[in-house]
Amino acid sequence: MLAQKMDFEQLARDFRPPMLRFAQLHLPRREDAEDAVHDVLTAMLATDWSKVSEGGIRTYLFGILRHKITDRLRHKYRGEIACGEVFEDDLDDMLFTTRGHWSTGVAPGLWSSPDGQLETEQFFAVVDLCVNRLPPKPARVFSMREFLECEAGEICNVLGLTQADYWQCMSRARKQLQLCLNQRWFGGRTS
Amino acid sequence: MTCKEYIFKLTSGQLVDAGLIERFWAGQHRLMCRRCRTFTTNDEKRGKAVRAYRAHLDGAPKE
């Protein structure tokens, strides 16, 4: 049985660093991220491990972590976010003309890196940089969608957003990410 | 549909749940606009990269 051979100290040593790194993506204050990971480690002690397969430990622990992060986001940010009104430097004004067409020299060129290059440590470092440069509010919505794999309805519910706010946040985040990756990894070519 | 409208529908995620008619007009716009076509192709790569990054963060096997 998995429960009989479980070494909790070793598990905590193995999983605490990646869980903390993941939590810090979503919870800006390190104390909050550490608390979320601490909750997971505490829950680990009370887990009935006979129901968890050896290969499923990581999935199980990160599953709990996602819930702990979502709970914290729910309490912390409910009703605070409205993305449509937070962008005084509206990205769209830079990207598009008043008639809604691309402005000259800003549309990213076609990315041509081989797929393998997009799974290297160097590329992940650039993704990390670009994600961390997003404005805080779109970043929170984007990370819940893409990293916590929450559904749109759940994100709106947790953060107290309307559907329109959610769309604004996701759009802003994805546009800015493409521009950032284009600039920092794909050579900044425009079309 | 303008480029700005198309890009908003794409990046907000609205196109995924859009009806047939809206997706048809989005497809028409893509056919006519090279920049939006390029942005769409890049966005697919961006999505793939973010998924790989997520897997990297939680140590899960790559998709």
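Here is a short conversation about a predicted model with chains A and B.

User: How do you know how confident the predictor is in chain A?

Analyst: Happy to start there. On a scale from 0 to 100, chain A averages a pLDDT of 82, and 87% of its residues score at least 70. Within chain A, helix 8 (residues 163-184) has the highest confidence, at 93, and helix 3 (residues 57-77) the lowest, at a mean of 80.

User: And what is the mean pLDDT of chain B?

Analyst: The mean for chain B is 88, with 90% of its residues at 70 or more. Among the elements of chain B, helix 1 (residues 3-12) has the highest mean, 95, and helix 4 (residues 34-58) the lowest, 89. The model as a whole scores ipTM 0.90 and pTM 0.77.

User: Why are helix 6 and helix 8 of chain A called roughly perpendicular?

Analyst: The label follows from the angle. Helix 6 (residues 136-146) and helix 8 of chain A pack at about 90 degrees, with their axes 8 Å apart. Angles of 65 to 115 degrees count as roughly perpendicular, and the two helices of chain A therefore earn that description.

User: Which residues make that contact?

Analyst: From helix 6 of chain A come Lys137(A), Pro138(A), Ala139(A), Val141(A), Phe142(A) and Arg145(A), and from helix 8 of chain A come Tyr166(A), Cys169(A), Met170(A), Arg172(A) and Ala173(A). By class, 8 of the contact residues are nonpolar, 3 are charged and none is polar.

User: What makes a residue of chain A count as touching chain B?

Analyst: The test is a pair of C-beta atoms within 7 Å. On that basis, 31 residues of chain A are in contact with 31 residues of chain B. Helix 1 (8-26), helix 3, helix 5 (121-132) and helix 8 of chain A each supply at least two residues of the chain A side. Helix 8 of chain A gives the most, with 8 residues. The chain A side divides into 17 nonpolar, 6 polar and 8 charged residues.

User: Where do the domains of chain A lie, and how many residues does each give to their contact?

Analyst: Domain 1 of chain A covers 2-77 and domain 2 covers 83-184. Each of these domains gives 8 residues to the contact. On the domain 1 side, helix 1 and helix 3 of chain A each supply at least two residues, and helix 3 gives the most, with 6. That side holds 4 nonpolar, 2 polar and 2 charged residues.

User: What does UniProt list for residues 127-177 of chain A?

Analyst: An unreviewed UniProt entry lists "domain: RNA polymerase sigma factor 70 region 4 type" for that stretch of chain A. In the model, residues 127-177 of chain A are 78% helix and 0% strand, and the end C-alpha atoms are 8 Å apart.

Technical notes:
Residues numbered from 1 in each chain as written. Chains lettered and ligands numbered in written order. Predicted model: local features only at pLDDT ≥ 70, side-chain atom pairs only at ≥ 80, totals over all residues. Helix = DSSP H or I, 4+ residues; strand = E, 2+ residues; numbered from the N terminus. UniProt positions renumbered as here; feature names shortened; annotations may be inferred. Contact = placed C-beta atoms within 7 Å. Nonpolar A, V, L, I, M, F, W, Y, C, P; charged D, E, K, R; others polar. Axes fitted to C-alpha atoms, helices over the stretch in contact; angles between N-to-C directions. Parallel < 35°, antiparallel > 145°, perpendicular 65-115°, else oblique. Domains from an automatic or database assignment.
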